[in-house]
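Colleague: Please take a close look at the contact between the parts of this protein, beginning with its charged pairs. I should like one connected account that I can follow beside the structure.

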Amino acid sequence: MLKDLLDAKKCFKLVCGAGNEDANVVEKLVALYAKAGCRFFDLSASEEVIDAAKRGFEFAKVNDAYLCVSVGIKNDPHVNKAVVDYEKCISCYSCDSVCPQGAIKYAKVKKFKCIGCGRCAKICPKGAISYVSEEKDLSEVLPPLISKGIDCIEFHAMGLNNEEIEQKWNYINEIFDGILSLCTSRGKLSDEKLVERVKKLTGTRAPYTTIVQADGFPMSGGQDDYKTTLQAVATAEIIQNENLPVYLLLSGGTNSKTAELAKMCGINANGVSVGSFARKIVKKYVEREDFLRNKFAFEDAVKIAEKLINSCNITN
Ligand code: SF4
Ligand code: SF4
């Protein structure tokens, strides 16, 4: 049971990317991290991606792992996709080199790979890149995924639109009786408003059926240092201080230093969710076309993943 994994406080969640609809990459990432010991996987809300993750489990011969799908509200960065304005673009291709997903080549965006991380827009000298929100209609997307068998739905409650957030959260509550994950950050909220939101949204749920995923800076991971992960730990501390009957995971800028820093700060979380950093450290292997057939490449990558998973164990 997913609850057991959370209760053991050793939960490592691999975040494949809410916007990552690249089934081929998801299959490889899931196979790799499942083999390395990960048992909780966060995926884009897509049937194709869920099927790919299940193929990854089969490859790794793992049958006790859990799937979570991620959804968000309009303009949530996790559901944004980059768009290039070619009237402004000067073809410098700086954007190509910073994309962690290989989602932009010669300033052309492959939407299914884009996770809306914002790196390309930040580096563009001409302000040629903006984002469109790929908001999904939850009543169309979620029921078929629930029928397929998922263990958790993660809702990204970012931004200030409380009405939309509450309405969507309530809808997910009604249609799904598994564990829900509320991913939220300080972002545009004061500490008080963050606590208010978390209390309101988790307050109607039975004790310990909700994960609060304390997001530092969403999708900011990449560097393996304390500074990058500090915000996730600070957000977790705010949630922990409320003593709510919820599970607590850290995310957003998480890396191999997160658990260590969390322990130093007295954070008693149930685990760590890692996305950008976990994908980055195995990128050169996963990009190989023969990755799942090349025993040596796969085993090398598994060792790297195992090291990260071990470093994220808060009970160590
Ligand atoms: S960084 Fe901006 S200007 Fe340069 S290629 Fe990309 S979109 Fe075009
Ligand atoms: S840098 Fe980020 S936002 Fe830009 S194309 Fe790549 S994944 Fe998408």
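**Charged pairs and the domain interface**

Modeller: Arg55 and Glu27 form a salt bridge in which the closest N and O atoms are 3.1 Å apart. Arg55 belongs to helix H3 (residues 47–60) and Glu27 to helix H2 (residues 23–35), so this pair ties together parts that lie 28 residues apart in sequence. The model is a predicted one, and a search of the whole structure finds 16 salt bridges. In general, side chains of opposite charge can pair when their charged atoms come close.

The division into domains gives these pairs their setting. Domain 1 is made of two stretches, 2–74 and 142–311, while domain 2 covers 78–133. Both Arg55 and Glu27 therefore fall within the bounds of domain 1, given that domain 1 includes 2–74. The centres of the two domains, taken over C-alpha atoms, are separated by 24 Å.

At the interface itself, 20 residues of domain 1 are in contact with 15 residues of domain 2. About 1300 Å² of area is buried between the two domains, and carbon and sulfur atoms give 52% of it. Across this interface there are 2 salt bridges. Asp22 and Lys113 also meet through their side chains in a salt bridge, at 2.7 Å from N to O. By the domain bounds, Asp22 lies in domain 1 and Lys113 in domain 2. The side of domain 1 that touches domain 2 contributes 6 nonpolar, 8 polar and 6 charged residues. Polar contact across the interface of domain 1 and domain 2 involves 5 residue pairs.

Domain 2 should also be viewed with the ligands in place. Ligand 1 is surrounded by Val84, Cys89, Ile90, Ser91, Cys92, Tyr93, Cys95, Ala107, Cys124, Pro125 and Ile129, residues whose numbers fall within the 78–133 stretch of domain 2. This shell holds 10 nonpolar residues, 1 polar residue and no charged residue.

Around ligand 2 there are 13 residues, of which Cys99, Cys114, Cys117, Gly118 and Cys120 come nearest. These five also carry numbers within the bounds of domain 2. The shell of ligand 2 divides into 9 nonpolar, 3 polar and 1 charged.

Notes:
Residues numbered from 1 in each chain as written. Chains lettered and ligands numbered in written order. Predicted model: local features only at pLDDT ≥ 70, side-chain atom pairs only at ≥ 80, totals over all residues. Heavy atoms only, no water. Near = heavy atom within 4 Å. Nonpolar A, V, L, I, M, F, W, Y, C, P; charged D, E, K, R; others polar. Contact = heavy atoms within 4.5 Å. Buried area = accessible area lost by both parts, 1.4 Å probe. Salt bridge = Lys/Arg side-chain N within 4 Å of Asp/Glu carboxyl O. Polar contact = N/O pair within 3.5 Å; in protein donor to acceptor, adjacent residues only side chain to side chain. Helix = DSSP H or I, 4+ residues; strand = E, 2+ residues; numbered from the N terminus.
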